[in-house]
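Me: I am new to this structure. Please pick one part, look at it closely, and then show me what lies around it.

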Amino acid sequence: MISLEQQKNPNPEDFPSELQGLRMTKQRREVLAVILAERDHPTANDVFSRAQDRMSTISLATVYNCLEALVSHKLVRQVNFERESSRYCPNLSDHCHFQDEESGKIHDVVFKEGVKLEDLLELPQGTEISHLEISLKGNFGK
Ligand SMILES: [Zn+2]
């Protein structure tokens, strides 16, 4: 299977008819393509307005439904920052999110090579982590 994470500006028509067990409807293709295209962690509203450029008939409710399906089939990650609207990230490898307080932009941050979560945290022995969500806020310094 093609690696979606590596694709830049994917063509929605190129997606297989099914991904991770999810049937790829026309709307789901558009929504996934929007999220893969810019990787700037858009909100549902951002996705909606971008999807509308290509598919003028798509509704916000449909976009929400598509996002939910893509998230539950692990094709896209949902990212939450406190009380802000959820954002969507196509990067499925283990990473954290860093929000630049000045611009509000969210950046992917990866672990240093070789560093594992178990090296940083006092986890009970045998713990298996099934979901990782680390959100950081700050600035890049001057
Ligand atoms: Zn991300």
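The reply goes from the whole chain to one helix pair, and then on to the rest.

Reply: Start with what kind of model this is. It is predicted: local features need pLDDT of at least 70, side-chain atom pairs count only at pLDDT 80 or more, and totals for chains, interfaces and linings use all residues. Residues are numbered from 1 along each chain as its sequence is written.

Now the whole chain. It has four helices and seven strands. Both are DSSP runs numbered from the N terminus: helices are H or I over at least four residues, strands are E over at least two. In sequence order the pattern reads β-β-α-α-α-β-β-β-β-α-β. The C-alpha trace spans about 50 × 40 × 25 Å along its principal axes. The protein chain has 142 residues, and 20% of them count as buried. Buried takes 20 or more other C-beta atoms within 10 Å of a residue's own, exposed 12 or fewer, and partly exposed is in between, with C-beta atoms placed from the backbone. Contacts (C-beta atoms, placed from the backbone, within 7 Å) often reach far along the chain. Of those between residues at least 6 apart in sequence, 52% join residues at least 24 apart.

The part to look at is α2. It covers residues 44–54. Which of its residues are buried? They are V47, F48 and A51. These three sit on the same side of α2, because they cover an arc of only 100° around the axis. The arc is taken from the directions that lead from the helix axis to the C-beta atoms. Turn the helix over, and the face away from the buried side carries the exposed residues N45 and D53.

What do the buried residues of α2 pack against? Their partners are α1, α3 (60–72) and β4 (87–89).

Take α1 as the partner to study. Two packed helices are described by the angle between their axes and the distance between those axes. For α1 and α2 the angle is about 115°, and the axes are 9 Å apart. Axes are lines fitted to C-alpha atoms, for helices over the stretch in contact, and angles run from 0 to 180 degrees between N-to-C directions. The crossing of these two helices is right-handed. In a right-handed crossing the near helix is turned clockwise from the far one by less than a right angle, in a left-handed one anticlockwise.

Which residues meet there? From α1 come E30, V31, V34 and I35, and from α2 come V47, R50, A51 and R54. The residues of this contact divide into five nonpolar, no polar and three charged. Here Ala, Val, Leu, Ile, Met, Phe, Trp, Tyr, Cys and Pro are nonpolar, Asp, Glu, Lys and Arg are charged, and the others, Gly among them, are polar. V47 and A51 thus appear twice: they are in this contact, and they are buried residues of α2.

Next, the loop between the two helices. H41 lies there, between α1 (26–38) and α2. Its phi is positive, about 60°, although it is not a glycine. Most residues other than glycine have a negative phi. H41 has 22 C-beta neighbours inside 10 Å and so counts as buried.

Back in α1, look at L36. L36 is buried too, with 21 C-beta neighbours inside 10 Å. P10 is 26 residues away from L36 in sequence, yet the two C-alpha atoms are 7.1 Å apart.

A second positive phi belongs to Q20, near 50°. Q20 sits in the loop between β1 (18–19) and β2 (22–23). Is Q20 buried or exposed? Q20 is exposed, with 12 other C-beta atoms within 10 Å.

Finish with the sheet of three strands. It is open, its order is β6-β5-β7, and its pairing is mixed. Strands count as paired when DSSP finds at least two bridges between them. The edges are β6 (106–109) and β7 (135–138), each pairing on one side only. From one strand to the next the twist averages 30°. Strand β5 (residues 96–100) runs antiparallel to β6, joined by four bridges. Across that pair F98 stands opposite H107, and H97 stands opposite D108. The two strands form a hairpin with five residues between them, and G104 in the turn has a positive phi of about 80°. With β7 the pairing of β5 is parallel, over four bridges. There Q99 stands opposite K137. The covered face of β5 holds H97 and Q99, and the uncovered one holds C96, F98 and D100.

Technical notes:
Contact = placed C-beta atoms within 7 Å.
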